[in-house]
There are 2 protein chains.
Amino acid sequence: MASTPKVPDIVIGRLPLYLRALNVLASQGRDIVSSQELADRLGCSSAQIRKDLAYFGGFGKQGAGYQIGYLQEQLRRILKVEGQWKMALVGAGDLGHALVHYGEFENNGFRIVAVFDNDPRKIGRRIGEFEVLDSKLLPHLISQKGIRIAIIAVPAHAAQEVADVLVQAGVRAILNYAPITIQVPPEVRVQYIDPVVHLQSMSYYLEPNE
Amino acid sequence: MASTPKVPDIVIGRLPLYLRALNVLASQGRDIVSSQELADRLGCSSAQIRKDLAYFGGFGKQGAGYQIGYLQEQLRRILKVEGQWKMALVGAGDLGHALVHYGEFENNGFRIVAVFDNDPRKIGRRIGEFEVLDSKLLPHLISQKGIRIAIIAVPAHAAQEVADVLVQAGVRAILNYAPITIQVPPEVRVQYIDPVVHLQSMSYYLEPNE
DNA sequence: TAGATTGTTAATCGATTAACAATC
DNA sequence: TAGATTGTTAATCGATTAACAATC
């Protein structure tokens, strides 16, 4: 409560990248890292890393660098991923399957706890450890389980309606895989994953083939 | 060649979002849109949209707005997605499956044309219309087919090695789903998709549960 | 101590916004 | 014409970088 007056969104967005790089270093058995080495790996400047971290306190030692384990702990605390956030997954298609089986959520603060779809052919089928539930159950289950995060993996035309129901049920953070901008109230965070958007922002730089 | 001296990366990164919004409007049968309406849908300012587009010319009509079909064409031309870029997919796991079946590539300038894996249990199996090929064939096929874009969908520990081979074979744009920053020469573009990074930059803003 | 690297300030750089003349 | 919205400039805002004193 003491410090942390108002950290820019763009800084928050980089902390997970720092944490990810630290995880890699830790898995290699490394103990200490300098802002310069971290910067080289991430392709940013060392000053940026030091300044970003300084919003939250002094985590390093002059002349030495940062204790990797300690900085991991601190970043996990700051990002609130020491525990596991329960997530609802909406959409049981190919992408939904891949997300249920995705192994990176577990050790990084998140866990899918329910899977929904509105397609009668999918409802009742199993995906991994889950039975696909009817979307109609969504509002009840989300509020009952106190779920605050949801992943939207439905077609574009259904995404806004799903988002509305999620928000109404109490969800406050949405990871949206549908290729469409959704409208939500200001207290709800949305992040987008759209491979086409990423690809198109690279094709600009490519020379036409042949 | 005449104009377009040096457009900031951040502007290029927004053009696909504009195009995506226009596609939605077009599918609703709309003909004309103002920068203000587009801005409302995207959650940005109208001035930003007008200024971004102005890097490439004047596409609108004062007093009227933008002809949607025309602006779509222009953005597709600018982003070089009028045709279809051939892509190699490396990694035939759950994510690879989802990507092969992903329907949004086709109409937006991209097409997977080959799928690779180095796991003997996966090589030779079919995914959709593709037979999974041995990664050893990667360099040969990429240069033979003139592939410039690749998607990395392998575990983190294998991503850097795959990237090295891809770059060596002539790939100039990489969409990386592995949760790790990869090192590539400056002439190669990389975009990252890591759901954990997106989720962690939202959990920061959530109040601890209960 | 000498060497190295942090934390932090000030300067630079770049992006966004406000505003309005141009003009459809 | 009157009304509306673009294209564009200038002003504001914010983020990044450079640099160095503090200090481990």
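**View 1. B:Gln48 reaches the sugar part of DNA strand C.** In this predicted model, an N or O atom in the side chain of B:Gln48 sits 3.2 Å from a sugar or linking oxygen of DNA strand C. Two residues of chain A go for the bases instead. The side chain of A:Arg50 brings an N or O atom to 2.9 Å from a base nitrogen of DNA strand C. For A:Gln62, the partner is a base oxygen of DNA strand C, and the distance from an N or O atom of the side chain is 3.5 Å.

**View 2. The protein surface around DNA strand C.** Let's step back from single atoms and look at the surroundings. DNA strand C has 24 residues around it, and the ones that come nearest are A:Ser35, A:Arg50, A:Gly60, A:Tyr66 and B:Arg14. Of the strand's atoms that come within 4 Å of the protein, 55% belong to sugar and phosphate. Which elements each supply at least two residues of this surface? From chain A they are helix H3 (46–54), strand E2 (60–61) and strand E3 (65–67), and from chain B they are H1 and helix H3 (46–54). H3(B) has the largest share, with 4 residues. Sorted by class, the surface near DNA strand C holds 11 polar, 7 charged and 6 nonpolar residues.

**View 3. Close contacts with DNA strand D.** Now for DNA strand D, where A:Arg50 turns up again: one of its polar side-chain atoms lies 3.1 Å from a base nitrogen of this strand. Chain B handles other parts of the strand here. A polar side-chain atom of B:Tyr66 is 2.7 Å from a phosphate oxygen of DNA strand D. At B:Gly63 it's a polar backbone atom that takes part, 3.0 Å from a sugar or linking oxygen of the strand.

**View 4. The protein surface around DNA strand D.** Here 24 residues surround the strand, and A:Arg14, B:Ser35, B:Arg50, B:Gly60 and B:Tyr66 are the closest. Sugar and phosphate make up 56% of the atoms of DNA strand D that come within 4 Å of the protein. Chain A brings helix H1 (9–27) and H3 to this surface, while chain B brings H3, strand E2 (60–61) and strand E3 (65–67), each with at least two residues. Which helix gives the most? That's H3(A), with 4 residues. By class there are 6 nonpolar, 11 polar and 7 charged residues near DNA strand D.

**View 5. Where chain B meets chain A.** Each chain puts residues into this contact: 63 from chain B and 63 from chain A. About 6000 Å² is buried between the two chains, with 64% of that area coming from carbon and sulfur atoms. How many salt bridges cross the interface? The rule finds 2. In one salt bridge, B:Asp194 pairs with A:Arg20, and their closest N and O atoms are 2.8 Å apart. There are also 17 residue pairs in polar contact across the interface. On the chain B side, the elements giving two or more residues include helix H1 (9–27), helix H4 (68–79) and helix H8 (195–203). H8(B) gives the most, with 9 residues. The residues on this side split into 37 nonpolar, 13 polar and 13 charged.

**View 6. B:Gln72, a buried glutamine.** You'll find B:Gln72 in helix H4 of chain B. Is it buried or exposed? B:Gln72 counts as buried because its relative accessibility is 10%, under the 20% cut-off. Setting aside neighbours within four places in sequence, B:Gln72 is in contact with B:Leu19, B:Leu22, B:Asn23 and B:Ala26.

**View 7. A:Ala169 and its partners from elsewhere in the chain.** A:Ala169 is part of helix H7 (residues 156–169) of chain A. With a relative accessibility of 14%, A:Ala169 counts as buried. A:Pro139 is 30 residues away along the chain, yet the C-alpha atoms of A:Pro139 and A:Ala169 are separated by 5.0 Å. Leaving out residues up to four places away in sequence, A:Ala169 touches A:Pro139, A:Ile142 and A:Ser143.

**View 8. Lys80 in each chain, with a positive phi.** A:Lys80 isn't a glycine, but its phi is positive, near 60 degrees. A:Lys80 lies in the loop between helix H4 (68–79) and strand E4 (85–90) of chain A, and is partly exposed at a relative accessible area of 28%. Over in chain B, B:Lys80 has a positive phi of about 60 degrees. B:Lys80 lies in the loop between H4 and E4 of chain B, and at 29% relative accessibility B:Lys80 counts as partly exposed.

Key:
Residues numbered from 1 in each chain as written. Chains lettered and ligands numbered in written order. Predicted model: local features only at pLDDT ≥ 70, side-chain atom pairs only at ≥ 80, totals over all residues. Heavy atoms only, no water. Contact = heavy atoms within 4.5 Å. Buried area = accessible area lost by both parts, 1.4 Å probe. Salt bridge = Lys/Arg side-chain N within 4 Å of Asp/Glu carboxyl O. Polar contact = N/O pair within 3.5 Å; in protein donor to acceptor, adjacent residues only side chain to side chain. Nonpolar A, V, L, I, M, F, W, Y, C, P; charged D, E, K, R; others polar. Near = heavy atom within 4 Å. Buried < 20%, exposed > 50% of the residue type's maximum accessible area, 1.4 Å probe, protein only.
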